[in-house]
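Visitor: Please take a close look at the surroundings of the ligand in this model. I should like a connected account of the residues that line the site and of the contacts made there.

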Amino acid sequence: MNVNVVKSGDYSIISVEGRVDTTNAGEFEKAVMEVVNSGINMIIFNCSGLNYISSSGLRVFLIVQKRMMANKGQLKLCSLQPGITEIFDISGFSSIFSIFPDQDSAEKAG
Amino acid sequence: MIQAVNLCKSFGNLEVFKDLNININRGECVAVIGPSGTGKSVFFRTLAMLEKPDSGQVYINGTDITGKDVNINKVREKLGMVYQGFHLFSHLNVMDNITLAPLKVKKMNKSDAQKKAMELLTMVGLTDKSLSYPHQLSGGQQQRVAIARSLAMDPDIILFDEPTSALDPSMTGEVLAIIRKLARSGLTMMISTHEMSFAQDVASRVIYMDEKGIYEQGTADQIFKNPTREKTRMFIRKLKVFSYSINSRGFDMVEMNVQIELFCQKYNIEPKKVNYIQLVLEELILEVYGDSSINLQLKIDFTIEFSEERNEILISFVYDGRSFNPFEAAEESEHLGMVLIYGVSKNYGYSFENGLNTININI
Ligand SMILES: Nc1ncnc2c1ncn2[C@@H]1O[C@H](COP(=O)(O)OP(=O)(O)OP(=O)(O)O)[C@@H](O)[C@H]1O
Ligand SMILES: [Mg+2]
């Protein structure tokens with residue numbers, strides 16, 4: 001698992017790579033919450049490099065989503081691989097999150 | 001092309017094989033499989049006269065090479081061998097490794113030998129490494145050089161003895177690709193390997209060695225899908241089943257997942273399904289250990305079996321402790337992990353018997 005944060009316009013883009021599972025979900029949560037806690041409230045998760053996620057990883061997305069809603073911020077996801085999209089569909093997360101096919105459309109959407 | 005007649009070999013009291021007979025035709029690719037210690041390497045070494053048979057003959061193109069008056073160097077020109085370890089000369093660069101035998105044994109002139117070496121390096125995709133030394137190459141690259149080196153003698157047949165088993169799994173593909181290419185080009189070869197999908201792909205014949213000789217042989221489909229004899233069946237079945245044990249909550253899941261990936265690679269299981277397998281197991285493990293009323297030292301054993309006929313993965317997940325059915329628990333409250341398991345599996349079942357919980361899942 002690898003997490004990388006860059007600024008793009010008004011957004012902070014968090015790129016997630018590799019696997020997010022129970023062995024590293026804690027680490028993932030810590031890295032992401034650092035961004036959230038720094039007061040940034042426009043976040044896009046670029047998941048193009050994410051190739052495995054389990055319930056432990058999904059829970060971290062849920063935690064971030066709750067925090068962002070409380071902060072009246074914006075959270076978007078983009079570039080999910082087909083296998084990850086499937087997991088989001090199965091878990092019902094697809095309807096909880098705003099998901100975009102690519103980073104460009106995520107940034108442009110209001 | 002190459003024929004063994006009543007070949008016998010023992011070491012002291014240990015009889016490795018006896019009265020072994022085989023006839024390999026030009027252009028055949030014969031895969032040799034079997035449990036460790038059944039004599040695959042000794043068989044190859046005996047064919048190459050690196051071991052002296054106790055009795056019996058080996059013919060190459062009609063010439064008996066077991067005779068006393070046979071020039072063994074001439075034999076080695078006809079028969080190349082590639083080993084598990086790469087056996088390159090560490091003090092020679094790639095070019096010199098490849099040209100050594102052609103220069104010394106075949107008395108080729110230097111420029112011809114080097115020209116030929118470059119052609120072979122092109123074939124194995126290593127033209128830019130001709131001046132490198134073995135220690136500067138990856139294991140896969142070293143093995144490709146070893147293949148080029150044995151081809152440099154223009155052998156009639158090459159024996160590959162587990163050419164990929166000493167390699168890091170990430171490198172087996174590049175070596176197998178070259179061997180596959182050689183097989184397709186019509187080179188006669190024998191290869192001992194545990195890579196079933198590879199054997200299925202390229203071998204015109206598969207030989208299963210056991211009980212001091214050739215125990216069963218047939219096409220790859222016959223041996224891998226429909227073996228007829230008891231020991232072959234057992235061996236093939238074991239190859240197809242992956243087993244893993246977990247003894248405590250603190251086990252190494254990263255290592256477990258690496259093992260699962262290696263197993264799946266052997267069967268060309270698509271990445272999506274590999275993810276499903278890992279997901280189901282991760283979620284089950286979390287459910288079972290997450291149930292706080294369960295002893296944290298409880299033991300989990302699971303197996304993964306790939307059924308080619310049904311193109312299905314069967315997972316059997318067994319744990320001790322009190323009876324605990326995660327499917328029931330999931331009905332009482334929302335369990336994200338169980339939702340994922342339902343989503344990716346075709347069937348699932350739970351039973352509790354003799355103190356053991358068993359979950360079967362088909363993917
Ligand atoms: N030089 C030797 N001296 C004595 N015994 C030997 C020698 N070489 C091999 N053996 C024995 O002969 C038997 C067959 O060994 P061999 O290496 O051919 O097995 P194998 O089928 O190649 O196994 P693996 O799959 O582990 O490579 C083994 O019991 C081994 O210990
Ligand atoms: Mg061997």
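Guide: In this predicted model, the shell around ligand 1 is made up of 5 nonpolar, 5 polar and 2 charged residues. The nonpolar residues are Phe11(B), Leu14(B), Val16(B), Pro35(B) and Val42(B). Ser36(B), Gly37(B), Thr38(B), Gly39(B) and Ser41(B) are the polar ones, with Gly counted in that class. The two charged residues are Lys40(B) and Glu162(B).

Three of these residues may be taken up for their contacts with the ligand. At Thr38(B) the contact comes from the backbone, where an N or O atom lies 3.3 Å from an oxygen atom of ligand 1. At Lys40(B) the side chain takes part, with a polar atom 2.8 Å from an oxygen atom of ligand 1. Ser41(B) likewise places a polar side-chain atom 2.8 Å from a ligand oxygen. As for the ligand's surface, 60% of the 630 Å² of accessible area that ligand 1 has on its own is covered by the protein.

The shell can also be read by secondary structure. Two elements of chain B, β2 (14-24) and α1 (40-47), each give two or more residues to it. The largest contribution is that of α1(B), with 3 residues. Lys40(B), Ser41(B) and Val42(B) fall within the range of this helix, and Leu14(B) and Val16(B) fall within that of strand β2(B).

Glu162(B), also a member of the shell, deserves separate attention. Its place is the loop of chain B between β7 (157-161) and α6 (169-184). Its phi angle is near 40°, a positive value in a residue other than glycine. The relative accessible area of Glu162(B) is 18%, and the residue therefore counts as buried under the 20% limit.

For comparison, one may set beside it another residue of chain B with a positive phi angle. Asn354(B), again a residue other than glycine, has phi near 50°. Asn354(B) occupies the loop between β14 (347-353) and β15 (356-362) of chain B. Its relative accessibility is 76%, so Asn354(B) counts as exposed, whereas Glu162(B) is buried.

To return to the ligand, the picture is of a shell drawn from chain B, to which α1(B) gives the most residues. Polar side-chain atoms of Lys40(B) and Ser41(B), together with a backbone atom of Thr38(B), approach its oxygen atoms at the distances given above.

Notes:
Residues numbered from 1 in each chain as written. Chains lettered and ligands numbered in written order. Predicted model: local features only at pLDDT ≥ 70, side-chain atom pairs only at ≥ 80, totals over all residues. Heavy atoms only, no water. Near = heavy atom within 4 Å. Polar contact = N/O pair within 3.5 Å; in protein donor to acceptor, adjacent residues only side chain to side chain. Areas by Shrake-Rupley, 256 points an atom, 1.4 Å probe, with all protein chains shown as cover. Helix = DSSP H or I, 4+ residues; strand = E, 2+ residues; numbered from the N terminus. Buried < 20%, exposed > 50% of the residue type's maximum accessible area, 1.4 Å probe, protein only.
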